[in-house]
Amino acid sequence: MYLYILITAICLTLLMLLIIQWFRDYYTNEKYLDWINGARPLPVLGNALEFISGDVISEFYRLHQQHGPIIKILLPFQPPNVSVTDHALLETIFRSAALLNKSNDYRFTHPWLGHGLLTAPGERWKKHRKLIAPAFSFEKSQYFIDIFEKHSCVLLEKLSKKVGEGTVNIYPYINLCTLDIICEAAMGTTINAQSNDKSDYVYSVKEMCRIVIGRSLSIPKSFDFLYQFTKDFYKQNKALKILHEYSRNVIEFRKKVLLGSSEQASSNTLLDLLLDSKETKVGISDSEIREEVDTFMFAGHDTVTSAISFILYCLAMHPQVQERVVKEMEAILWSHNLNVATYGRLQKLRYLEAVIKETLRLYPSVPIYCRRVVEDLHFGDQVIPANTTIVIFAYGVHRCPKTYPEPEKFDPNRFLTENQSAASTSSYIPFSAGYRSCIGKKFAMLEMKVVVSKILKHYRLLPTVPEHKLILKGETVLKSKNVLFRSLMTMHFVFIVVFLITVALYLKYKKWSKVNEQFLSPHGLPVLGHALQFKNSSDLIPLIQKYSSYGKIVLLRFGPLRKILISDCKMVEYILTTNIVMSKGHEYIPARSWLGNGLLTSNGDKEWKAHRKAISRTFHKDIYHNYISVFERNSNIFVKQLRSELGKASFDISKFITLCSLDIISEAALGKSFNAQENSESQYVSSLKIMCKMVMERSFNVFLFNDFLYSFTKLYQEEKEALRYLYSSFENIIKERHNLIYNHGNCDGSLTFLDFILEEKLKKQTFTHQAVHDNVQTMIFAVSNF
């Protein structure tokens, strides 16, 4: 019962520490943030329950409706969040040169994007922004428009196959089109994503977008240490290898092109511009160039895909607006049989531009983005302290009824020149604002105009039947959709697990309490018992001798395991002669990763009995003469090795005996000498040492015995490498001996242990191929234990 009480006390203590830590942080932050309204937080959980629905955008919007344009949100074990839709504070934020750093939410993009323009800290961002700005100048516009036209034509071809099929999910088609566009615009190369959406590059881009969002949605994956043990970590490494290698190859190719004739090297792409900058000694490395190119690949296709998809949705839901857009295009773009758009004509599409702006007002591609306050931010007489996360809630800013009457209504007329009022620049922020506003804004607007105009020239958009109801998700921003909900669920999960463990331990305690009463047991620690006293195999004999003083039958506890130490002769005789106790104990489990179900580690089942019977004839007195020459030869080497120690006061003879016995058993069992005595540093010897060490250490160390904990150790990595070598070496020997016996039989009657087993395998099918491996390695371990 005391164990149950102790576990409960530990859980309650941890909970109290969490509560104390939360209150300490809460009152520290309240000194500065008490002027900001917000929902009342709960201890530890903070405002997590406000977001239990998982719909972050709706819940943010609701909280702003209830508590005002500036609200504070406290989450478990995170810096305080201040969410803002207030125009005056936004103006301060956008004008501040100290608020250039993105929040920690963007860190999941770093393996892919590094410190590109999207995620770069302030000083680096300033330098690279200045370098990249010319890539989006007016002079480059027509070059980009030609790329938009080219890939929009491929999009139309793909959509033509869907005509007559009823409802079509247009998003994946737009996504591949924008990927083709940004790839050619940024790197000057084509990946043909629309024609080959199964390519490694396209798949890797999709995987990285999924992984980045997935990490922001998952509490366990948000911790780098835990993330490296997930499947996504390995998928990420594979995708990054493809993406980074592709970018590097393109960079090298464009370098060569730019060094060639001026006719071939037209510096229109972002990559060409960055390479030109490098050549002019501006000081940008190849890795920085790759990061910027990858950043535009990431930021330049998902956001535009979202925007175009919502534009087409709004046009389908408002046929009068669609008709007006079409008439404008007929008058400006399609008159006089003009098939190619120009920058000048696209700029004249005022109503289409109003439609795009109104769509982005209602459905901003990035509804939430964050900045990190690195030094106290002063707003009037108030202060937002350093280390606070500023949440800019663009979705809420765009639905302010004072700025936009009937904010839920789709009304492109708001953005026609004659209707626009002198609104604050912070009232419309689909591309952010201020210093870190989107550098590709004009590029994106032109791309949206070209793609939408191409689609409307050939098709009319109709609403779905039944009508499609939008359920908005913030997946295009690196702000977790379900992070608050998942945080809450994770805490519930922890408490449930702790409770279940406590119940399980209590039930096990009750079960074993009856056993404990029958035997003497030395005093041990709660839960762990005597486990900490067996730290390694060298402790085994001294501790057994120590505990034997308690009696002839002593109970020892190793965590949840119980071991009975027996020195009573009658009980030992009974155990060794009965066929009831045939299964090996838990101590042998770690050895099975090496020895499998060999004779030493297998349970006393029919297979073990068959193997034992077959192997026993290997040790018949009539065949001992086969081994005497092996003993003699290796003993001579042993004596020779001992001579090198002559003259020394003392030396450790055990290592010489171990190597000699290893040579003997290797030759007797396998028919092959590894010359361990003369080459004690060989990979064969070192691999066997590692495996023997693993077996002994794991058998008596409760922490190493657990597979999960053991997988984090250096010994685990060494074991994997040693196993690969030993299995490969033995596999070659087994195949060689198998072919010899199969083709020639036993010519001279001189058989090794392996030969006997292979004969049984060939004649009687007693052994499988794996069983041959297991029993040969068991023999090596049992005789030559280091």
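This section describes the aromatic pairs, the four-stranded sheet, an annotated cysteine and selected loop residues of a predicted model.

The predicted structure holds 19 aromatic pairs. Among them is the pair formed by phenylalanine 148 and phenylalanine 443, whose ring centres are 5.2 Å apart and whose planes meet at 80°, so that the arrangement is edge-to-face, the angle being over 60 degrees. This pair links distant parts of the chain, since phenylalanine 148 belongs to helix H6 (residues 141-160) and phenylalanine 443 to helix H19 (residues 441-458), with the two positions 295 residues apart in numbering. Phenylalanine 148 has a relative accessible area of 0% and is buried, and phenylalanine 443, at 8% relative accessibility, also counts as buried, as the value is under 20%.

A second pair consists of phenylalanine 674 and tyrosine 684, the ring centres of which are 3.6 Å apart; their planes stand at 5°, so the pair is classed as stacked, the angle being under 30 degrees. Phenylalanine 674 is placed in the loop between helix H26 (654-670) and helix H27 (683-700), whereas tyrosine 684 lies within helix H27 itself, the two residues being 10 residues apart. Both phenylalanine 674 and tyrosine 684 are buried. Phenylalanine 674 is also approached by a charged side chain, for lysine 672 lies over the face of its ring at 5.5 Å from the ring centre. A corresponding arrangement involves arginine 361, which lies over the face of tyrosine 404 at 5.1 Å from the ring centre. Elsewhere, ring pairs link Phe60, Tyr61, Phe393 and Tyr395 into a cluster.

Turning to the sheet, 4 strands form an open arrangement in the order E1-E2-E6-E3, with mixed pairing. Strand E1 (70-73) and strand E3 (368-372) occupy the edges, and each has a single partner strand, so that one side of each is left without a neighbour in the sheet. From one strand to the next, the twist averages 25°. Strands of a sheet pair through backbone hydrogen bonds, either parallel or antiparallel. In the case of E1 and strand E2 (residues 81-84), the pairing is antiparallel and extends over 4 bridges, and isoleucine 70 stands opposite valine 84 in E2. The side chains of E1 are divided between two directions, with Ile70 and Lys72 pointing one way and Ile71 and Ile73 the other way, and all of these residues are buried.

Two helices are packed against these strands. Helix H2 (residues 56-67) lies across E1, E2, E3 and strand E6 (389-393), and runs at about 125° to E1. Helix H3 (residues 87-95) likewise lies across E1, E2, E3 and E6, running at about 120° to E6. Phe60 and Tyr61, which fall within the residue range of helix H2, and Phe393, which falls within that of strand E6, are members of the aromatic cluster noted above.

According to an unreviewed UniProt entry, the annotation "binding site" covers Cys438. In the model, cysteine 438 is placed in the loop between helix H18 (394-397) and H19, and its relative accessible area of 36% makes it partly exposed, since the value falls between 20% and 50%. When residues up to four places away in sequence are not counted, cysteine 438 touches Arg129 and Phe431.

Some loop residues were also examined for their backbone conformation. Most residues other than glycine have a negative phi, and most peptide bonds are trans. Asparagine 192, by contrast, has a positive phi near 50°; this residue lies in the loop between helix H7 (171-187) and helix H8 (200-217) and is partly exposed, with a relative accessible area of 40%. Asparagine 387, also not a glycine, has a positive phi of about 75°. The loop that holds asparagine 387 runs between strand E5 (382-384) and E6, and at 48% relative accessibility this residue counts as partly exposed.

Finally, alanine 133 is located in the loop between helix H5 (122-132) and H6, where it is partly exposed, with a relative accessible area of 37%. The C-alpha atoms of alanine 133 and leucine 270 are separated by 9.4 Å, although the two residues are 137 residues apart along the chain.

Methods: Residues numbered from 1 in each chain as written. Predicted model: local features only at pLDDT ≥ 70, side-chain atom pairs only at ≥ 80, totals over all residues. Heavy atoms only, no water. Phe/Tyr/Trp six-rings, centres within 6.5 Å; stacked < 30°, edge-to-face > 60°. Buried < 20%, exposed > 50% of the residue type's maximum accessible area, 1.4 Å probe, protein only. Lys NZ or Arg CZ within 6 Å of the ring centre and 35° of its normal. Pairing = 2+ DSSP bridges. Axes fitted to C-alpha atoms, helices over the stretch in contact; angles between N-to-C directions. Contact = heavy atoms within 4.5 Å. UniProt positions renumbered as here; feature names shortened; annotations may be inferred.
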